[in-house]
Amino acid sequence: MGREEDAMTGLPLCVVGAGSIGQRHIEVAGLSEMTELVAVVEPHAPLREALAAQGLPMVATLDEVPEKVRAAIVATPTQDHHASTLACLSRGWAVIAEKPLAGTLDAARALGDASAAAGLPLFTGHHRRCHPFSIAGRAALSGIGDLVGVQGLWSLRKHDSYYDAPWRRMPGAGPLLTNMTHEIDLLRFLIGEMTEVTALLSSARRGFEIEDTAALAFRFGDGALGSFLISDAGASPWSFESGSFENPAIAGSGEDYLRVTGTEGALAFPSLTRWGRSGPGEIEWSKPLARTDGPRFDPIDPLLAQIERFAAVVAGGEDDVLCTAADGIAAMEMTLACALSARDGRPVTPREVPGDYTGV
């Protein structure tokens, strides 16, 4: 099947893994006119049979996927990302692999090398980039001068029953490795490379082996500094999910959770409220700043936007929003640097993270 025919009929793709996030990808693949859901790979027979009864094109293995498929979304458990993504690339398919790209940096880098060698697109499923306010936020930062710093606060109290599952109380399941990777990719998307981190962890509120709160200090490539507090024990209206109303399972607040300062003003995110020059002359603390409300955007499904951007790339288009394999690896590397800093009690640069380190 050629690219012109794909553009007319929709990109024929499969979804590998039909768990909770896999079913979201299945949903948007069915909604988009730019994609054709040809197969869903799910090895667990009861789930596969239940979804087949709903009319979905279920198969048990990649070998059963019809030949017309040209792309895949890998939504299996993290430990399987490397094997399934490599298998898809070996079949000549473009791939979006859910984050993290693999279980270790070595495995993730091997996937990046494989996609480059095959000349196939490989993206990481950091979908927050695809929101219109994220794209507009990146552009708006040029209006506040040279970046000075960023402050972030993500604090959502997960319900007690969330931790009934034993694995959610085990090392690696705390907010640092589970939630912070989303924030790191978004900060990199908005602001740029992160070159150093110092991390503190606490488990004082829940008393589990894993942390319930992490405080992080970042250095960015242009010399700007950042701080971020992330907690699943503290109740607050401040988080990406609350501010953006993205997740229907999390109560929305409309409150900003990131604040960025520059030499010419400041920007709040995700509202994109901007503070800047109110008159001529030097901007300094005796002069009030003028407030400009951010633009209004219609709500979208970012996973739908992501899959349609992906389809456009596979059809030969260009895209500077999707999270590339290299971007996904960089976010993973910095997330693991946070864990290594907390373990060792010192500042850590991304290049110091061992290739086989899992953060546990």
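Two strands are said to pair if DSSP finds at least two bridges between them, and in this predicted model strand 9 (213-220) and strand 10 (residues 225-231) meet that condition, being joined in the antiparallel sense over 7 bridges. The two strands form a hairpin with 4 residues between them, and in this hairpin Gly223 takes a positive phi near 95°. Across the pair, Ala217 stands opposite Ser227 in strand 10.

The hairpin belongs to an open sheet of 8 strands, whose order is 8-9-10-7-11-12-13-14 and whose pairing is mixed. At the edges of this sheet stand strand 8 (194-202) and strand 14 (290-292), each of which pairs on one side only. From one strand to the next, the twist averages 15°. The mixed character of the pairing can be followed from strand 10, which is antiparallel to strand 9 but runs parallel to strand 7 (residues 147-155), with 7 bridges between strand 7 and strand 10. In the parallel pair, Leu153 is placed opposite Leu229 of strand 10. Further along the order, strand 11 (residues 258-262) and strand 12 (residues 265-269) pair in the antiparallel sense over 5 bridges, and here Gly262 faces Gly265 in strand 12. Helix 11 (325-344) lies across strand 8 and strand 9, and runs at about 50° to strand 8.

An annotation from the sequence record may be set beside this description. In an unreviewed entry, UniProt lists residues 144-267 as "domain: GFO/IDH/MocA-like oxidoreductase". Over residues 144-267 the chain is 16% helix and 33% strand, while the C-alpha atoms at the two ends of the range are 7 Å apart.

A further open sheet has 7 strands in the order 3-2-1-4-5-6-15, again with mixed pairing. Strand 3 (58-59) and strand 15 (323-324) stand at its edges, each with a single partner strand, so one side of each is left without a neighbour in the sheet. The partner of strand 3 is strand 2 (residues 35-41), which runs parallel to strand 3 and is joined to it by 2 bridges; within this pair, Val40 stands opposite Met58 in strand 3. Helix 2 (residues 20-31) lies across strand 1 (11-16), strand 2 and strand 4 (71-74), and its direction makes an angle of about 150° with that of strand 2.

Some features of the backbone call for separate mention. Most residues other than glycine have a negative phi, and most peptide bonds are trans. Against this background, the peptide bond that joins Lys99 and Pro100 is cis, with omega about -10°, and Pro100 is placed in the loop between strand 5 (94-97) and helix 5 (105-118). A cis peptide bond also leads from Phe269 to Pro270, where omega is near 15°; Pro270 is found in the loop between strand 12 and strand 13 (274-276). Phe245, a residue other than glycine, has a positive phi, near 60°, and is found in the loop between helix 9 (240-244) and strand 11.

The empty space in the model was examined next. Rolling a probe the size of a water molecule over the atoms shows where empty space is left. The second largest pocket has a volume of about 250 Å³ and is lined by 16 residues, of which Gly172, Leu201, Glu211, Gly359 and Val360 lie nearest its centre. By class, this lining has 10 nonpolar, 3 polar and 3 charged residues. Helix 7 (175-178) and helix 11 each supply at least two residues of the lining, and helix 11 gives the most, with 3 residues. Helix 11 thus appears in two parts of this description, as the helix lying across strand 8 and strand 9 and as a contributor to the lining of the second largest pocket.

Enclosed space was also considered, and the count comes to 1 cavity of 30 Å³ or more. About 30 Å³ of space lies in the largest cavity, which is lined by His126, His127, Arg128, His182 and Asp185. No nonpolar residue is found in this lining, which divides into 3 polar and 2 charged residues. In the lining of the second largest pocket, by contrast, 10 residues are nonpolar.

Note on methods. Residues are numbered from 1 along each chain as its sequence is written. This is a predicted model: local features need pLDDT of at least 70, side-chain atom pairs count only at pLDDT 80 or more; totals for chains, interfaces and linings use all residues. Side-chain values use heavy atoms; hydrogens and water are left out. UniProt positions are given in the numbering used here, feature names are shortened, and annotations may be inferred rather than shown by experiment. On a 1 Å grid over the protein atoms alone, a cavity is a set of points where a 1.4 Å probe fits but cannot get out, and a pocket is an open set with protein on both sides within 12 Å along at least five of seven lines; lining residues have an atom within 4 Å of a point. Grid points are joined across faces, edges and corners, and a volume is the space filled by probe spheres set on the points. Ala, Val, Leu, Ile, Met, Phe, Trp, Tyr, Cys and Pro count as nonpolar, Asp, Glu, Lys and Arg as charged, and the others, Gly among them, as polar. Axes are lines fitted to C-alpha atoms, for helices over the stretch in contact, and angles run from 0 to 180 degrees between N-to-C directions. Contact means heavy atoms within 4.5 Å.
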